[in-house]
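Colleague: I have not looked at this structure before. Could we go through it by question and answer?

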Amino acid sequence: VTMLMLTRRSGQSIRLAPDPALDPATPVGEFFRDGPIRVHVGHVEGNRVHIGIEAHPSIVILRDELSPKAP
């Protein structure tokens with residue numbers, strides 16, 4: 001399980017998706033074999049919130065503005 005710490009402002013978002021290199025036939029249970037995805041709220045400063053996300057390493061966590069856009 002890995003953790004990513006992010007700061008998000010009002011209206012910003014994140015995306016969680018399977019690693020693109022992962023075999024599409026991988027059972028969904030593999031993503032949760034070490035436990036559920038956990039979101040930790042750190043603290044809030046004005047319109048910013050500090051969050052941590054714990055997920056299996058095969059889950060990619062990206063700030064929405066860095067996510068590849070669909071064609």
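Colleague: In which strand is His-50 found?
Modeller: This is a predicted model. Leaving aside neighbours within four places in sequence, His-50 is in contact with residues including Leu-6, Thr-7 and His-40. His-50 itself is found in residues 48-55, that is, strand E4.

Colleague: Is His-50 buried or exposed?
Modeller: The relative accessible area of His-50 is 16%. Buried means under 20%, so the class for His-50 at 16% is buried.

Colleague: Which strand is joined to E4 by eight bridges?
Modeller: The two strands run antiparallel. Within this pairing, Met-5 stands opposite Gly-52 in E4. The partner that eight bridges join to E4 covers residues 2-9 and is strand E1.

Colleague: How many bridges join E3 to E4?
Modeller: E3 and E4 also run antiparallel. On this side His-40 stands opposite Gly-52 in E4. The number of bridges joining E3 to E4 is six.

Colleague: Which residue in the turn between E3 and E4 has a positive phi?
Modeller: E3 and E4 form a hairpin, with two residues between them. The phi in question is about 60 degrees, and the residue in the turn that has it is Gly-46.

Colleague: Is Ile-51 buried or exposed?
Modeller: Ile-51 lies in strand E4. Leaving aside neighbours within four places in sequence, Ile-51 is in contact with Leu-4, Met-5, Leu-6, Arg-8, Ile-14, His-40, Val-41 and Gly-42. Its relative accessibility is 11%. Under 20% is the cut-off for the class, so Ile-51 counts as buried.

Colleague: How far apart in space are Ile-51 and Pro-36?
Modeller: In sequence, Ile-51 and Pro-36 are 15 residues apart. From C-alpha to C-alpha, their separation in space is 16 Å.

Colleague: Which strand supplies the largest share of the largest nonpolar core?
Modeller: The core has seven residues in all: Leu-6, Phe-31, Ile-51, Ile-53, Ala-55, Ile-59 and Ile-61. E4 and E5 each supply at least two of them. The largest share is three residues, and the strand it comes from is E4.

Colleague: Which core residues are in contact with Ile-61?
Modeller: Neighbours within four places in sequence are left aside here. Ile-61 is then in contact with Leu-4, Arg-15, Leu-16, Ile-53 and Ala-55. Of these, the ones listed in the core are Ile-53 and Ala-55.

Colleague: How far apart are the C-alpha atoms of Leu-16 and Ala-55?
Modeller: Leu-16 is found in strand E2, and Ala-55 is 39 residues away along the chain. Leaving aside neighbours within four places in sequence, Leu-16 is in contact with Ile-37, Ile-53, Ile-59, Val-60 and Ile-61. The C-alpha atoms of Leu-16 and Ala-55 are separated by 9.2 Å.

Colleague: What is the area of the nonpolar surface patch that includes Leu-16?
Modeller: Leu-16 counts as partly exposed at 42% relative accessibility. Phe-32, in the loop between strand E2 and strand E3, is partly exposed too, with 40%. Leu-16 and Phe-32 make the patch together with Val-28, Ile-37 and Val-39, and its area is about 440 Å².

Colleague: How many residues apart are Arg-8 and Glu-65, which form a salt bridge?
Modeller: The closest N and O atoms of this salt bridge are 3.1 Å apart. Arg-8 is in strand E1 and Glu-65 in the segment after strand E5, so the pair links distant parts of the chain. Along the chain, Arg-8 and Glu-65 are 57 residues apart.

Colleague: Which of Arg-8 and Glu-65 is buried?
Modeller: Glu-65 has a relative accessible area of 44% and is partly exposed. Arg-8 has 7%. Buried means under 20%, so the buried one is Arg-8.

Colleague: Which residue is linked with Arg-8 and Glu-65 in a network of salt bridges?
Modeller: Glu-65 also forms a salt bridge with Arg-63, with the closest N and O atoms 3.1 Å apart. Arg-63 counts as partly exposed, at 31% relative accessibility. The residue linked with Arg-8 and Glu-65 in the network is therefore Arg-63.

Colleague: What is the N to O distance in the salt bridge of Arg-15 and Asp-64?
Modeller: The structure holds five salt bridges, and the side chains of Arg-15 and Asp-64 meet in a salt bridge. Arg-15 is partly exposed, with a relative accessible area of 41%. From N to O, the distance between Arg-15 and Asp-64 is 2.2 Å.

Notes: Residues are numbered from 1 along each chain as its sequence is written. This is a predicted model: local features need pLDDT of at least 70, side-chain atom pairs count only at pLDDT 80 or more; totals for chains, interfaces and linings use all residues. Side-chain values use heavy atoms; hydrogens and water are left out. Helices (H or I, at least four residues) and strands (E, at least two) are DSSP runs, numbered from the N terminus. Buried means under 20% relative accessible area, exposed over 50%, partly exposed in between (1.4 Å probe, protein chains only). Contact means heavy atoms within 4.5 Å. Patches are made of residues with over 30% relative accessible area and no salt bridge: like charges are joined within 9 Å, nonpolar side chains (Val, Leu, Ile, Met, Phe, Trp, Tyr) within 5 Å. Accessible areas come from the Shrake-Rupley method with a 1.4 Å probe; for residues, only the protein chains shown count as cover. A salt bridge is a side-chain nitrogen of Lys or Arg within 4 Å of a carboxyl oxygen of Asp or Glu. Two strands pair if DSSP finds at least two bridges between them. A nonpolar core is a set of buried Ala, Val, Leu, Ile, Met, Phe, Trp, Tyr and Cys residues joined through side-chain atoms within 4.5 Å.
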